[in-house]
Amino acid sequence: MVAALSETLSVDEQGAVLALARGDGRASVRLAGEAGARCRAALDALAALDDDARARELAALAATVATPAGVEGVHPGWLRRALENEPAEILGAVSRGAPAALGRAADEILRAREGGPARKVAAAGPAVEE
């Protein structure tokens, strides 16, 4: 299914589908025009899947969505803050398929959730929880 989404949706639409699928999907009615129709069709297809298949598809889709340029230069604390509320499936996909800085942040969050030792990065700032 992810291959089909990659072929029929633009990168922006793939990101919108990923974000909307993580919510309740009702926001999709706000998408207009042909792009909205494509996104709604993708959301309907995802909604028809069982929970496990849907989680796998969303994780695979997350791995295909473009990563912003320059993410390697972002402070690790900010990356952890941005990723901390993502489900384990998304973090796993990020850990495997994203640039190293994002992968490390995702790994740290997953280890902390599992009770394992998370790597601490000494830093200051509002996004860093020590």
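**A walk through a seven-helix model, starting from its pocket**

Let me begin with the largest pocket, which is lined by 20 residues, and of these L18, A62, L83, V94 and L102 lie nearest its centre. The elements that give two or more residues to that lining are α2, α4, α5 and α6, and α6 gives the most, with four residues. The space in this pocket comes to about 440 Å³. As for the term, we work on a 1 Å grid over the protein atoms alone, where a cavity is a set of points at which a 1.4 Å probe fits but cannot get out, while a pocket is an open set with protein on both sides within 12 Å along at least five of seven lines, and lining residues have an atom within 4 Å of a point. The grid points are joined across faces, edges and corners, and the volume is the space filled by probe spheres set on the points.

Before going further, I should say that this is a predicted model, in which local features need pLDDT of at least 70 and side-chain atom pairs count only at pLDDT 80 or more, whereas totals for chains, interfaces and linings use all residues. Residues are numbered from 1 along each chain as its sequence is written, and side-chain values use heavy atoms, with hydrogens and water left out.

Now the overall fold. The protein chain has seven helices and zero strands, where helices (H or I, at least four residues) and strands (E, at least two) are DSSP runs numbered from the N terminus. Of its 130 residues, 33% count as buried; here buried means under 20% relative accessible area, exposed means over 50%, and partly exposed lies in between, with a 1.4 Å probe and protein chains only. If we take contacts, meaning heavy atoms within 4.5 Å, between residues at least 6 apart in sequence, then 60% of them join residues at least 24 apart.

Which residues touch the most other members of the largest nonpolar core? They are V17, L18 and L83, in a core of 26 residues. A nonpolar core, to be explicit, is a set of buried Ala, Val, Leu, Ile, Met, Phe, Trp, Tyr and Cys residues joined through side-chain atoms within 4.5 Å. The elements that give two or more residues to this core are α2 (11-22), α3 (33-47), α4 (51-64), α5 (76-83), α6 (88-97) and α7 (100-113), with α7 giving the most, six residues. In soluble globular proteins, nonpolar side chains tend to be buried together. L18, which we met in the pocket lining, touches L58, L61, A62, V65 and I90 when residues up to four places away in sequence are not counted.

Let me turn to the charged residues. The structure holds five salt bridges, a salt bridge being a side-chain nitrogen of Lys or Arg within 4 Å of a carboxyl oxygen of Asp or Glu. In one of them E13 pairs with R38, and the closest N and O atoms are 2.6 Å apart. Because E13 lies in helix α2 and R38 in helix α3, this pair ties together parts that are 25 residues apart in sequence. E13 is buried at 8% relative accessibility, whereas R38 is partly exposed at 32%. Both residues also belong, together with E34, to a network of salt bridges.

A further salt bridge joins the side chains of E72 and R104, at 4.0 Å from N to O. Since E72 lies in the loop between α4 and α5 and R104 in helix α7, the pair ties together parts 32 residues apart in sequence. E72 is partly exposed, at 44%, and R104 is partly exposed as well, at 38%.

What about E108, buried or exposed? E108 counts as buried, at 5% relative accessibility, and its salt-bridge partner is R80, with the closest N and O atoms 3.0 Å apart. This pair links distant parts of the chain, E108 in helix α7 and R80 in helix α5, 28 residues apart. R80 is buried too, with a relative accessible area of 15%.

I will finish with E86, found in the loop between α5 and α6. E86 counts as buried at 18% relative accessibility, and, leaving aside neighbours within four places in sequence, E86 is in contact with R22, L91 and R113.
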